Amino acid sequence: MKINFIDLQAQYLAYQPEIDREVLEVFSSAQFIGGEKLNKLENSLATYTGAKHAIGCSSGTDSLLLALMALDIGHGDEVITTPFTFIATAEVIALLGAKAVFVDIEDATYNIDATKIEAAITQRTKAIMPVSLYGQCADMDAINDIAKKHSLPVIEDACQSFGATYNSKKSCNLSTIGCTSFFPSKPLGAYGDGGAIFTSDDELAAKIRMLLNHGQNERYKHKYIGINGRLDAVQAAVLDVKLKHFDKELTSRDEIGSRYSDLLEDSNVITPKISATNTSVYAQYSVRVKDRESLVAKLSAKDIPTAVHYPVPLHLQEAFKSLGYQRGDFPVSEEISEQIMSLPMSPFLTELQQDYIADAIKGN
Ligand SMILES: Cc1ncc(COP(=O)(O)O)c(C=O)c1O
């Protein structure tokens, strides 16, 4: 049986006439950067999340970088985040000369443990950056309460959670700034790199719009040092088509995620726990297993692709050696990173494929 880890081809075929039409319109209009397609997408994204402003940008990484730049974070500042995430989360903090201060994760959700955040706050703390990992939001109410007490902004790294809800509110619209990625394999994926920034703060929104266009407030008048962080019109056109079908895909993702968990209930893997406050978009369907290597090999022998998100927590990465962390500093992150593995997941995964994967895991 042929199983893709993520089935982007099936998705393209499902929406091909609409996508082709929209992309060809960009080609014939020759409006490749900005313009009507981007405006339309930004309006759709703002309506979808409920945030006042949605701003398209070049990638999830740049969305996080721009959020930090808009908050004037730089040398000597500290930003609290999780070590159990993709490197981009902490990379952008380091790129601006600030220091990532890690806080361990919860054993149940793999998201930052809000009960441990306050102990990490110092005079130098300038922001809290939780990550909504694998498609479910961090405990944003608890995090926002702590932030409010200490007058700190909260940036949600929602690169894996666009479309998820927390207490019925949409991810990306849960804090000062929300950041997401439209990398092709994300739940809402472009046909190249892309991302978006969400905020309901008018001043921050205006500043972010300038920062992603070289800090310009008008042509060749530069108010800030910025970057080229724009989203192009082809990506905007593709995303706007996909957004129309997104809720239907999320229903499928939810059904597939729940079905995996039912099928694997009596197996030797620990299935994801979704908090009562949350719905997950299952950017990844990740399970925990004691002997990961042998399960990966067993599945690979049956042509079932898997991936590990992420094998080394950030505090143990060579790139972050200068932060001075050691093994044992974040025991939950360390244990999960040794046991976690992701199974094939897409709204187009069939029941037959899922049964085959579950049977292989259970050794049938
Ligand atoms: C948690 C997290 N943060 C940031 C990023 C960076 O997004 P991008 O690849 O679009 O730059 C990703 C993407 O993999 C991610 O998963």
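Which residue in strand 7 does T165 stand opposite? In this predicted model, T165 stands opposite K170 of strand 7. The two strands concerned, strand 6 (residues 165–166) and strand 7, run antiparallel and are joined by two bridges. They belong to an open sheet of three strands, arranged in the order 7-6-12 with antiparallel pairing. Strand 7 (169–170) and strand 12 occupy the edges of this sheet. Each of these edge strands has a single partner strand, so one of its sides is left without a neighbour in the sheet. In general, the strands of a sheet pair through backbone hydrogen bonds, in either a parallel or an antiparallel manner.

Charged side chains were examined next. Side chains of opposite charge can pair when their charged atoms come close. The structure holds 19 salt bridges. One of them is formed by D355 and R259, with an N to O distance of 2.9 Å. This pair links distant parts of the chain, since D355 is in helix 10 (residues 351–362) and R259 is in helix 7 (residues 233–263), 96 residues apart. D355 has a relative accessibility of 26% and counts as partly exposed.

A salt bridge is also present between the side chains of D266 and K362, at 3.7 Å from N to O. D266 lies in the loop between helix 7 and strand 12 (278–279), while K362 is part of helix 10, so the pair ties together parts that are 96 residues apart in sequence. Strand 12, which bounds this loop, is one of the edge strands of the sheet described above. The accessibility of the two partners was also computed. D266 counts as exposed because its relative accessibility is 62%, and the cut-off for that class is over 50%. K362, at 32%, counts as partly exposed.

A further salt bridge connects R21 with E22, where the closest N and O atoms are 3.9 Å apart. Is E22 buried or exposed? E22 counts as buried because its relative accessibility is 9%, and the class of buried residues lies under 20%. Its partner R21 is partly exposed, with a relative accessible area of 48%. The contact between R21 and E22 is part of a network of salt bridges that links R21, E22, E25 and K37.

Definitions and conventions: Residues numbered from 1 in each chain as written. Predicted model: local features only at pLDDT ≥ 70, side-chain atom pairs only at ≥ 80, totals over all residues. Heavy atoms only, no water. Salt bridge = Lys/Arg side-chain N within 4 Å of Asp/Glu carboxyl O. Buried < 20%, exposed > 50% of the residue type's maximum accessible area, 1.4 Å probe, protein only. Helix = DSSP H or I, 4+ residues; strand = E, 2+ residues; numbered from the N terminus. Pairing = 2+ DSSP bridges.
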